[in-house]
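Reader: I am new to protein structures and would like to learn how to read one. Could you take me through this one, step by step?

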Amino acid sequence: MPPGREPLGKWALAVVAVVTVLSVVRAFGPMAYPGDIWRQSDTASMARNFATGGMNLFFPQINWGGSGPGYVETEFPLMPWLSAALYQVFGEHEWLGRLVSLAFMLIATAAFWGLARRLLPIGAARWALVAFAVSPAFMRYGTAFMPEATVLAFYLLALLAFCRWVQEDRGIWLVGAAAATSAAALVKPTSLHIGLVMGIWLVLAAPSRLRRQSVYVAGVAALVAPALWLWHASQLHAAYGNTFGVISGGDSKWGSFELWLSPAFYLGNLKTEAIFIYGVVGIPLAVLGAAWLWRRRTAAFPLVVAGAGALVVYYFAVGRYSSSDLGIQYHVYSLPYAAICVGLGLATAAEWLRPRLSSVVFAVVSGLAVVALAAQSVNVLIGSMTSTTGTFGTCADGLTAVSAPDQLVVVGTTSLSTENGVTNNFQEPVIFYLADRKGWSLPADQQDPSRLAEFRQEGARFYVAPDDDLVPAGGVLSHWLAANATQVRSSQSDGCDVWALDQPGTAS
C-alpha cells in the first residue's frame, strides 16, 4: 500500500470518537481553569463584540478599553470571528466558540494522522494517534474559547505539507507548507518557531535542498501576511492604547538570564510537559520510543530531533510564561512530537508483549494502557465541569444587578502593571465579560483616588474590587470612596465590593 494510505484502524478510530464525544460534552460545560479564564474571557468578548458591533475582522475589540471603542493589538482573530459568525445565525452561546475550537482540533488530529502514517510503521502511527487524542492538552484546549486549537491545526498542516515536500519533492507541497505556516503565524506568532523545525529537518533529511532558491522564497512569502497583520495591530495599539503584548508593547513574554538560571524555570516547564502533554504515564513510553528512534534513525527521526531542538529554543525565548501555570497553552506545540515518541514506545512494548500473551489478554492490556494514558485527560475533563469563576462570577452578578449595560465601570485587579521591572498585562477581563460591561481595568499598584477620579471624570459609574486587599480599611482609597461613592455590594455578603461612583460635582 502506498505510504500515507494505510487505514486508520477501528480501535484507533474508536478512541478518537470517544474523545470527540467527551469533548463535545465539555463544550457545554462552564468556564473553567483559573489560568485560562482570562484568555477565554477576552476571546469570547471579541466574539461578542464582532457579533454586536460589526463583523470587521481587522478591528477586534475588548471590553477594558475605557470609554473608547476597545480596538486592541492582538493576534489575527480568526477563531473569535468565526464564533461571531455562528452567533449571527444561532445566537450568542459560548459552546459555539468551543465547538469552533473542537473543529480545528479535529483538523489538527487529521493532519497529525497524515503526518504519522508517512513517518512511522502503521502500528506505531495508530498508537501515536491515540496518544495525541488522549493527551490532556487535547481535552483542555480542544474545546477552550482560545486560539490554541486553531494554531495547532495550521501548525500540523504545515508540518504535513513540508513532510510531503521532503518525501515527494513536489513544489505544490512547499507552497502548501508556506501557506499553512503563514496562517499559523497569523493566529499565533509564537508558532514561527516552526521555521527552525523545518530548517533542522531539512539539514538532517535533505540538505542539498538548502541550495534551492525556492526554499527561501517560500520562507519569506510565509512571513508577509503575519508581518502586515502585526504592523496593523501595532497601529491599533498606538491609536487606542490597548494590547495583549503581541509586538509593540504591553506585556512581555521574553525570558531572561535571571529566569534561565532559576531552577523554577526548568521545573515549571518540565511539570507542564509531564502533566499536560504526556499525561505523566506517557513519559516512560516516550523515553522508550525515543530510544527506538535513536537506534533506527527512521523517517521520523529528523522531525523529532528538529522539533525537540526548536522547542527548547522556543521555551527559553518565551520563558516568562512557558514555565508558569499561566502559560500552559504555550506548550501545545509539543503535542505532535510527544505523541510520535509515545506511539513508538507503545508500539515497541506491544511488539514485545504480543507473542507472550494470548490475543484476549493482549487486548485487555492494550485497553488498560490507553486508559492509563488517558487518566490525566479524564482528570482535566472532570475538573473542567466545575465553574472556577469564583469571586469574579460573584462580582459580575452583583455588577449586572446594579448597573445598566451602557454604564462604564472600573474593575480592580490584584495584578501589577509591572512585575520585577517587566511590563505586565494586568487587565482582568473576566468580570467585564461575564457582566457584559465595558470600562477600565485598574492594576493593584495604581489603586489610588486620583486614578479613580480620572476615570470617573471620563464616564466611569462603578468601581469593582474583587479582593478586599484592594481597598484596605482606613486607607486613602477607602476614605475617598466613603466621600465620593456609595457601596452597593459588600464582600461580607457576596464576596465582592461594588461602589456606585458619585457624579462629578456631586461628591459630598
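Author: Gladly, and let us start with the sheet. An open sheet of five strands shows mixed pairing and has the order S4-S1-S5-S7-S6. A strand here is a DSSP run of E with at least two residues, a helix a run of H or I with at least four, both numbered from the N terminus; two strands pair if DSSP finds at least two bridges between them. This is a predicted model, in which local features need pLDDT of at least 70 and side-chain atom pairs count only at pLDDT 80 or more, while totals for chains, interfaces and linings use all residues. Residues are numbered from 1 along each chain as its sequence is written, and side-chain values use heavy atoms, with hydrogens and water left out.

Reader: Which strands stand at the edges of the sheet?

Author: A strand with a single partner strand has one side left without a neighbour in the sheet, so we look for strands of that kind. They are strand S4 (438-442) and strand S6 (485-489).

Reader: By how many degrees are neighbouring strands of this sheet turned against each other on average?

Author: Axes are lines fitted to C-alpha atoms, for helices over the stretch in contact, and angles run from 0 to 180 degrees between N-to-C directions. For the neighbouring strands of this sheet, direction is ignored, and the average turn is 25 degrees.

Reader: In which sense do S6 and S7 pair, parallel or antiparallel?

Author: Strand S7 covers residues 497-501, and four bridges link S6 to S7. Ala485 stands opposite Leu501, and Thr486 is opposite Ala500. The sense of the pairing between S6 and S7 is antiparallel.

Reader: Which residue of S7 is the bridge partner of Val464?

Author: Strand S5 (residues 460-465) is joined to S7 by four bridges, and the two run antiparallel. The bridge partner of Val464 in S7 is Val498.

Reader: How many residues of S7 are buried?

Author: Buried means under 20% relative accessible area, exposed means over 50%, and partly exposed lies in between, with a 1.4 Å probe and protein chains only. Asp497, Trp499 and Leu501 on one side of S7 are buried, as are Val498 and Ala500 on the other, so both faces are covered. S7 is largely enclosed by the rest of the structure, because its buried residues number five of the five.

Reader: Let us turn to charges. How many salt bridges are there?

Author: Side chains of opposite charge can pair when their charged atoms come close. The rule asks for a side-chain nitrogen of Lys or Arg within 4 Å of a carboxyl oxygen of Asp or Glu. By this rule, the number of salt bridges is 15.

Reader: How many residues apart in sequence are the parts that Arg48 and Glu92 tie together?

Author: Arg48 and Glu92 form a salt bridge whose closest N and O atoms are 2.8 Å apart. Arg48 lies in helix H2 (residues 34-53), whereas Glu92 is in the loop between helix H3 (78-90) and helix H4 (94-119), so the pair ties together parts with a sequence separation of 44 residues.

Reader: Is Arg48 buried or exposed?

Author: The partner, Glu92, counts as partly exposed at 40% relative accessibility. Arg48 has a relative accessible area of 10%, so Arg48 is buried.

Reader: Which residue forms a salt bridge with Lys188?

Author: Lys188 and the partner we seek are both buried. The closest N and O atoms of the pair are 3.5 Å apart, and the partner is Glu75.

Reader: Where is Gly142 found?

Author: Gly142 is buried, because its relative accessibility is 0%. With contact meaning heavy atoms within 4.5 Å, Gly142 touches Arg98, Ser101, Leu102, Met105 and Ala137, not counting residues up to four places away in sequence. The C-alpha atoms of Gly142 and Leu102 are separated by 4.9 Å, although the two residues are 40 apart along the chain. The place of Gly142 is the loop between helix H6 (136-141) and helix H7 (148-168).
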